[in-house]
Structure formats: C-alpha cells, structure tokens
Amino acid sequence: MGTVYDLIVIGSGPAGQRAAIYGAKLGKRIALVEMREVVGGACINTGTIPSKTMREAVLHLSGYNYKSIYGMNYRVKERITMADLAFRVQHVIKTEIDVTEAQLSRNNIEMLVGVASFEDATHVKVTNTKGSTIYEAKNILIATGTKPATSAKVPINGTTIINSDLVLNLTTLPKTMIIVGGGVIGVEYCCMFAALGVRVTLIERRPRLLEFADQEIIEALSYHLRDARVTMRLNEEVESVEEMADGTVVANLESKKKVQADALLYAVGRQGNVDELNLAMVGVDSDSRGRIPVDKDFRTKQPTVFAVGDVIGFPSLASVSMEQGRIAAARAFGDESIVSNPSFYPYGIYTIPEISFIGKTEEQLTEEDVPYEVGVAYYREIARGQIRGDTTGRLKIIFHRESHALLGVHIIGEGASELLHIGQAVMALGGKLDYFVETVFNYPTLAECYKVAAFNGLNRVANV
Ligand SMILES: Cc1cc2nc3c(=O)[nH]c(=O)nc-3n(C[C@H](O)[C@H](O)[C@H](O)COP(=O)(O)OP(=O)(O)OC[C@H]3O[C@@H](n4cnc5c(N)ncnc54)[C@H](O)[C@@H]3O)c2cc1C
Ligand SMILES: NC(=O)c1ccc[n+]([C@@H]2O[C@H](COP(=O)([O-])OP(=O)(O)OC[C@H]3O[C@@H](n4cnc5c(N)ncnc54)[C@H](O)[C@@H]3O)[C@@H](O)[C@H]2O)c1
C-alpha cells in the first residue's frame, strides 16, 4: 500500500504554493505536482514577475524618472535592446524560483514532476518522461492556472506575433507595435513599450480601457498614453492577423480597417488549464474559458476536490490566488479560522504611471444610488510629489456623505500600489474620513495625499 497524502496540490503557482504550505503548517502530508521543470507558475515564469521586472528595467534604462525630474531626455543606454531587459528579468525569475523551492522544501512538501490527471476523486495520475504513477490523497486541490487565449485567425509565431508568454522572445525592439486587448496585460505592456519609444497602437473592442476601474482614473491614464504617442483604437475588434512578405504584421479589424506594424502582441484574455486534468473522471465541469465553478470554500461539485487561483476565474490576481489557496487548504482540514473579505482586496495595475484602487468606483456607487462625495489630492500640491517629479498623480477618496465611511480609494501616480495600503487598512478597520484629518503623517511623503484629499472632501460636504 503506497503513501496516502492528506492533500495533493496540482500546480505550483501562487495558489498551489500557499495551499501546500498552509497544509504543511497544519502538520499534514502534502504533495505538489508541477508539469514544468520549475516551480512558480505563470506568476514567476511568464506573468507577474517578468512583467513587473521588465517595467522596472524600462523605467530605469529609458530615463523615464530622470525625464520627469529634469524635463529632458536622458537614457542610461542609448540603444536599449530586448537583451538588456531579458537580462534583468531572468535574474529576478531565477532568484524567485530559488526562494520558492527552498520554502517548499523547508516545509517538507513532496514535489512530483509531471502532468497530473484525475483517476477518481482520491487518485491522481502523474505522467512524465519516465511513465505514469498513480498517487492517492484524501483531498485534491486544482491550482493549474491559465494560459493566453488563442485564435485560429491569429498565427502566433513567437517572433513578430506574440502573446504575453513570449514578450522576451522579441529579438529586437520593434519601431512600431500593435497591442490587441485593452485589459490589464495589454495596457501594462503598452506603457512599457511606449516608454521605450515604440509607437504603439492599442486596439480594444470595448468603448474604454480597463472597464472595472474608475473612469476618472482611466481618463487620466489615457492622457498619459496619448502623451507617450500611443494610438488608441477603442470600439474596434481585431478579426484576424496576417504576416506580410516584408516581415511586418497586419491586423484586420471587423470595421474593415487595417493596422500595420513591425510586431503584434495578442492579449485578449486567458484560458484555464483544464484540458489535461480529465475532470470528467470526478464529475467536475469547466466553462468555455476553462473556469471551474466552486463554492465559497473553493469546493467543486466533488466534496474532496477543491479549485483555486486563476483556474476559477475572476479576479485572477497572484495576490488573491495565494489567499484562496490558504483558505481552501484550511477548509479541506476543517479549519474555519481564516476569514477573508473580498471587498478589501486591492488592485495594483502597473501601467506607467501606476494605478491602484480598492472598494467601489464612482460609477458603481451612482448605479447603486449611494450618496457619496469625493475628496481629491493632486501630487503637484504635495511636497513629495514635487520632489519626486510626479506632478500628474492624484489620489481620490470616495466616502459616504452622511457617515463619512470610506467607500473607495483610487490612485494614479508613482507609488500608487504601495500607497493604497494605507486606505485599505483604514477601510478594513472601519475607519472614516476623519482618521486622515486627525492623523499626523510623515512630511514630506505621498501619504499626505490622504490628509489633503480628506480635507478636500469635507469642504465639499460642508459647502452643500
Ligand atoms: C503578464 C501577466 C502579468 C500579471 N501581473 C500581475 C500582477 O502584477 N499582479 C497580480 O496580482 N497578478 C498578476 N498577474 C496574474 C497572476 O500571474 C496570476 O493571478 C497567478 O499566477 C495565478 O496563480 P495560480 O497559482 O492560479 O496559477 P499559475 O501561476 O498559472 O500556476 C499554475 C501552475 O500549474 C501548472 N499546471 C497546469 N496544469 C497542470 C497539470 N495538469 N499538472 C501539473 N501541473 C499543471 C502550470 O505549469 C503552472 O506552473 C499577471 C498575469 C500575467 C499573465
Ligand atoms: N497588475 C495586475 O494585477 C495584472 C497584470 C496583468 C494581468 N493580470 C491578470 O491577467 C488576466 C488576463 O489579462 P488580459 O489583459 O489578457 O485579459 P482581460 O480579459 O482583462 O482583457 C482582454 C481585453 O481584450 C479585449 N478583446 C478581446 N478580444 C478582442 C479583439 N478581438 N479585438 C480587440 N480587443 C479584444 C477585451 O474586450 C478585454 O478588454 C486579468 O484577468 C488580470 O487579472 C493582472
């Protein structure tokens, strides 16, 4: 009789890692199956970490920050190459893999290398070059993540027509580029390539970018995109993509227009990694985008089978995936102690400049007939904004007119994704606008924006 694990986790991205470690901390016997040669999933290997590292390298090498302070063009390196960017990205990926492997090994998690598929609700087959082995577990957790969505009419060739997994495959920095999809991936890469001087055309089928974000913030972002010479084509759908004989690429739009460029990034969403899992063996379904439905404890229809992370769909963030993994592992072992409130989950969008928010948008509150007011602080009014050379950033607090409860915080500007956590803490602890008025912040800091925005908001309420 072989080992019976308490939990087998399929996938070593943020969701799977956190589930495995939480289970191990409870003293359980855990195995983690990963089909890639390295741990970390899309987060470390192709998604979050590479894109955020590339962004940092772009800001540094392109002299973006220098320009905002001295108002002139200065490049650390005159000809920035894809190799310059890849060098830094590979370094950070390697370090993150090492850190993760050490963490898993310290917690005595057994690594099984290969593709996992279900035999039944308590047995998983793992197949690798040496053959197949069947493992037994009391609980199984699916954390297989997603891959870029494809289309038969978009021939990804890995060199001029790429998806987000293949950005570093570009051998040379294109002069012109088409980005299909104005979601988070499309907009983040759009900002990076534009900062490098690439003329980008961003094509999005919806009437606006990043529909879930506050409109005022997206209008501010659009100003920056135009300033970086990005052409935005909204309400336009790419129907097909062609490689031309001269090596360029053409996007054919539904509206019959054509857009030509040196390269094209196809970023129209993601598809759950469910094909290999043989879900039918456990009676679990997935939808057309490969998403697995789960209950509030992340249980599928099969009580011993859980699913977490990107493979269950929205919000598809590394941060949230980790939390889902932790909760699912706890529930699998009857631990109800972890409570997590999704309304306090933040968004960090690493555009240039950064966007971050929590809570409701003005549009949502208007829709819900909530009597709200806003308070805004502009970085240019704050000493730290002037010192850092970011005079276009802004922080907006949305609060209830009568109770002054915080309903949302929306920031665009340098450091937004870090700065947001002050608002998040105050919101989560039930604090109100008055907290910012009564609290002394370090000076000069961007945190002062909260105080200025709170005063601005109170003045507006007092005047009506
Ligand atoms: C370009 C890009 C940028 C992003 N930026 C951010 C960001 O800034 N902030 C943020 O919070 N999120 C970001 N995300 C999202 C984030 O990467 C994901 O939310 C996160 O990786 C999801 O974690 P996961 O564990 O669910 O899946 P993944 O990280 O996708 O890991 C799944 C793992 O499962 C393995 N696997 C799949 N099928 C099997 C099988 N049958 N057997 C064995 N192993 C299997 C895969 O090989 C993979 O290693 C970004 C994503 C992309 C693509
Ligand atoms: N900073 C972050 O948190 C971060 C960064 C990157 C990715 N992510 C995660 O990765 C996930 C996937 O991101 P994504 O941007 O690929 O997907 P997405 O679904 O967010 O955006 C895809 C966009 O492409 C558009 N689109 C689809 N087909 C089109 C067509 N034929 N022509 C023109 N436009 C078209 C859609 O309208 C949509 O706006 C997101 O859910 C996000 O949570 C997060």
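1. Start with the residues around ligand 1 in this predicted model. By class, the shell has 16 nonpolar, 17 polar and five charged residues. It holds 38 residues, and G11, G13, G41, G145 and G309 come nearest to the ligand. Several elements each supply at least two residues of this shell: helix 1 (14-25), strand 2 (30-34), helix 2 (41-45), helix 3 (48-61), strand 4 (115-120) and helix 8 (318-332).

2. Now turn to ligand 2. Its shell has 24 residues, and the closest are G181, G183, I185, V268 and G269. Helix 6, strand 10 (199-204) and strand 18 (347-349) are the elements that give two or more residues. Helix 6 provides the largest share, four residues. By class, the count is 11 nonpolar, seven polar and six charged. Both domain 1 and domain 2 take part: the shell draws at least three residues from each.

3. Compare this with the record. An unreviewed UniProt entry lists a "binding site" made of G181, G182, G183, V184, I185, G186, V187, E188, E204 and G269. These positions are spread over 89 residues of sequence, yet they cluster in space, with a largest C-alpha distance of 13.6 Å. G181, G183, I185 and G269 are in that list, and they are also among the residues closest to ligand 2.

4. Look next at I185. This residue lies in helix 6, which runs over residues 184-195. Is I185 buried or exposed? It counts as buried, because it has 22 C-beta neighbours inside 10 Å, and the cut-off for buried is 20 or more. Leave aside neighbours within four places in sequence, and I185 is in contact with S164 and A267.

5. V187 is also found in helix 6. Why does V187 count as buried? Because 27 other C-beta atoms lie within 10 Å, and 20 or more are needed. Not counting residues up to four places away in sequence, V187 touches G182, L209, L210 and T351. G182 is itself listed in the UniProt "binding site".

6. Step back to the whole protein. It is divided into domain 1 (4-147 + 271-343), domain 2 (161-268) and domain 3 (353-462). Domain 1 is given as two stretches of sequence. The centres of domain 1 and domain 2, taken over C-alpha atoms, are separated by 27 Å. Their contact takes 14 residues from domain 1 and 11 residues from domain 2.

7. Which elements of domain 1 supply at least two residues each to the side that touches domain 2? They are helix 3 and helix 5 (82-106). The largest share, five residues, comes from helix 3. This side of domain 1 divides into eight nonpolar, five polar and one charged residue. Note that helix 3 also supplies at least two residues of the shell around ligand 1.

8. Finish with the cores. The largest nonpolar core has 86 residues, and those with the most contacts inside it are M177, I178, I179, V180, C190 and L264. Helix 6 gives the most to this core, with nine residues. M177 is in contact with F193, V198, V200, A261, D262, A263, L264 and L265, leaving aside its neighbours within four places in sequence. Apart from this core lies another, of 48 residues, including Y22, I109, F298 and A332.

9. One element to remember is helix 6. It provides the largest share of the shell around ligand 2. It also gives the most to the largest nonpolar core.

Notes. Residues are numbered from 1 along each chain as its sequence is written. Chains are lettered from A and ligands numbered from 1 in the order in which they are written. This is a predicted model: local features need pLDDT of at least 70, side-chain atom pairs count only at pLDDT 80 or more; totals for chains, interfaces and linings use all residues. UniProt positions are given in the numbering used here, feature names are shortened, and annotations may be inferred rather than shown by experiment. A residue is buried if 20 or more other C-beta atoms lie within 10 Å of its own, exposed if 12 or fewer, and partly exposed in between; C-beta atoms are placed from the backbone. Two residues are in contact if their C-beta atoms, placed from the backbone, lie within 7 Å. A residue is near a molecule or strand if its C-beta atom, placed from the backbone, lies within 6 Å of it. Ala, Val, Leu, Ile, Met, Phe, Trp, Tyr, Cys and Pro count as nonpolar, Asp, Glu, Lys and Arg as charged, and the others, Gly among them, as polar. Domain bounds come from an automatic or database domain assignment. A nonpolar core is a set of buried Ala, Val, Leu, Ile, Met, Phe, Trp, Tyr and Cys residues joined through C-beta atoms within 7 Å.
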